[in-house]
Amino acid sequence: QVQLRESGGGSVQAGGSLRLSCTGPGWMFNSCGMNWYRQAAGKERDWVSAITPDGSLGYADSVKGRFTISQDKFKNTVYLQMNSLKPEDTAIYLCNSCAYWGQGTQVTVSS
């Protein structure tokens with residue numbers, strides 16, 4: 001079983017920024033790309049962003065213009081730069097690739 005691991009979560013004030021990281025096997029990201037999801041307490045898991053093997057980017061409407069996904073292939077890491085954070089961004093953020101999931105990292109945004 002391959003491993004994906006997220007990091008970079010924390011607690012910030014509204015308007016602040018965080019950068020999440022997801023590290024996994026390079027072949028996985030090269031083959032399947034990578035997605036970020038988030039799940040708020042008591043709610044469904046929602047897709048947030050994706051980067052494809054050819055570098056195409058996608059974002060949910062709720063984060064478009066505020067979040068940026070990027071990749072460092074040498075470090076086998078995908079990042080999610082989150083700016084202008086809002087309380088509604090509070091959730092556990094998870095990375096996903098090739099149908100595998102990381103353990104999640106908590107993001108809490110206070111008003």
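Here is a short briefing on the fold, the core and a handful of individual residues in this chain.

The model is a predicted one. Its chain holds one helix and 11 strands, and the radius of gyration of 13 Å is close to the 13 Å that the globule rule gives for 111 residues, so the chain is as compact as a globular protein of that length. A nonpolar core of 25 residues, the largest in the chain, is a good place to start looking.

**Overall fold**

- Reading from the N terminus, the order of elements is β-β-β-α-β-β-β-β-β-β-β-β.
- The C-alpha trace spans about 40 × 25 × 20 Å along its principal axes.
- Of the contacts between residues at least 6 apart in sequence, 52% link residues that are at least 24 apart.

**Surface and charge**

- Buried residues account for 41% of the 111 residues.
- The chain exposes about 5,900 Å², and 47% of that area comes from carbon and sulfur atoms.
- There are 10 positive and 8 negative side chains, and the centres of these two sets are 5 Å apart.

**The nonpolar core**

- Within the largest core, the residues with the most contacts are Met-34, Trp-36, Phe-67, Ile-69, Leu-80, Met-82 and Tyr-93.
- Elements that each give at least two residues to this core include the helix α1 (26–32) and the strands β3 (18–23), β4 (34–39) and β5 (45–51).
- Further along the chain, β7 (67–72), β8 (77–82), β9 (91–97) and β11 (105–110) also each supply at least two of its residues.
- Tyr-93 is worth a closer look: leaving aside neighbours within four places in sequence, its contacts include Trp-36, Phe-67, Leu-80 and Met-82, which are also listed among the residues with the most contacts inside the core.
- Beyond those four, Tyr-93 is in contact with Glu-6, Leu-20, Tyr-37, Arg-38, Val-48, Gly-104, Thr-105 and Val-107, again leaving aside neighbours within four places in sequence.

**Cys-95 in strand β9**

- Cys-95 sits in strand β9 and is buried, because its relative accessible area of 0% is under the 20% cut-off.
- Setting aside neighbours within four places in sequence, Cys-95 is in contact with Leu-4, Arg-5, Glu-6, Cys-22, Met-34, Asn-35, Trp-36, Tyr-100, Trp-101 and Gly-102.
- Val-12 lies 83 residues from Cys-95 along the chain, and the C-alpha atoms of the two are separated by 20 Å.

**The loop between β9 and β10**

- Cys-98 is placed in the loop between β9 and β10 (100–101), and Ala-99 is found in the loop between β9 and β10 as well.
- Most residues other than glycine have a negative phi.
- Cys-98, however, has a positive phi of about 50 degrees although it is not a glycine.
- Ala-99 also has a positive phi, near 70 degrees.
- In accessibility, Cys-98 counts as partly exposed at 21%, while Ala-99 counts as exposed at 65%.

**Strand β6 and two other loops**

- Leu-57 belongs to strand β6 (residues 57–59) and is partly exposed, because its relative accessibility of 47% falls between the 20% and 50% cut-offs.
- Leaving aside neighbours within four places in sequence, the contacts of Leu-57 are Ala-50, Ile-51 and Ile-69.
- Leu-57 and Gly-33 are 24 residues apart along the chain, with their C-alpha atoms separated by 9.9 Å.
- Gly-65 is in the loop between β6 and β7 and is exposed, with a relative accessible area of 79%.
- Gly-65 is 19 residues from Ser-84 in sequence and 9.3 Å from Ser-84 in space, C-alpha to C-alpha.
- Phe-74 is in the loop between β7 and β8, where this aromatic residue counts as exposed, because its relative accessible area of 78% is over 50%.
- The C-alpha atoms of Phe-74 and Gly-26 are separated by 8.3 Å, with the two residues 48 apart along the chain.

Conventions
Residues are numbered from 1 along each chain as its sequence is written. This is a predicted model: local features need pLDDT of at least 70, side-chain atom pairs count only at pLDDT 80 or more; totals for chains, interfaces and linings use all residues. Side-chain values use heavy atoms; hydrogens and water are left out. Helices (H or I, at least four residues) and strands (E, at least two) are DSSP runs, numbered from the N terminus. The radius of gyration is taken over C-alpha atoms; the globule rule is 2.2 Å times the number of residues to the power 0.38. Buried means under 20% relative accessible area, exposed over 50%, partly exposed in between (1.4 Å probe, protein chains only). Contact means heavy atoms within 4.5 Å. Accessible areas come from the Shrake-Rupley method with a 1.4 Å probe; for residues, only the protein chains shown count as cover. Lys and Arg count as positive and Asp and Glu as negative; His and the chain ends are not counted. The place of a charge is taken as NZ of Lys, CZ of Arg, CG of Asp or CD of Glu. A nonpolar core is a set of buried Ala, Val, Leu, Ile, Met, Phe, Trp, Tyr and Cys residues joined through side-chain atoms within 4.5 Å.
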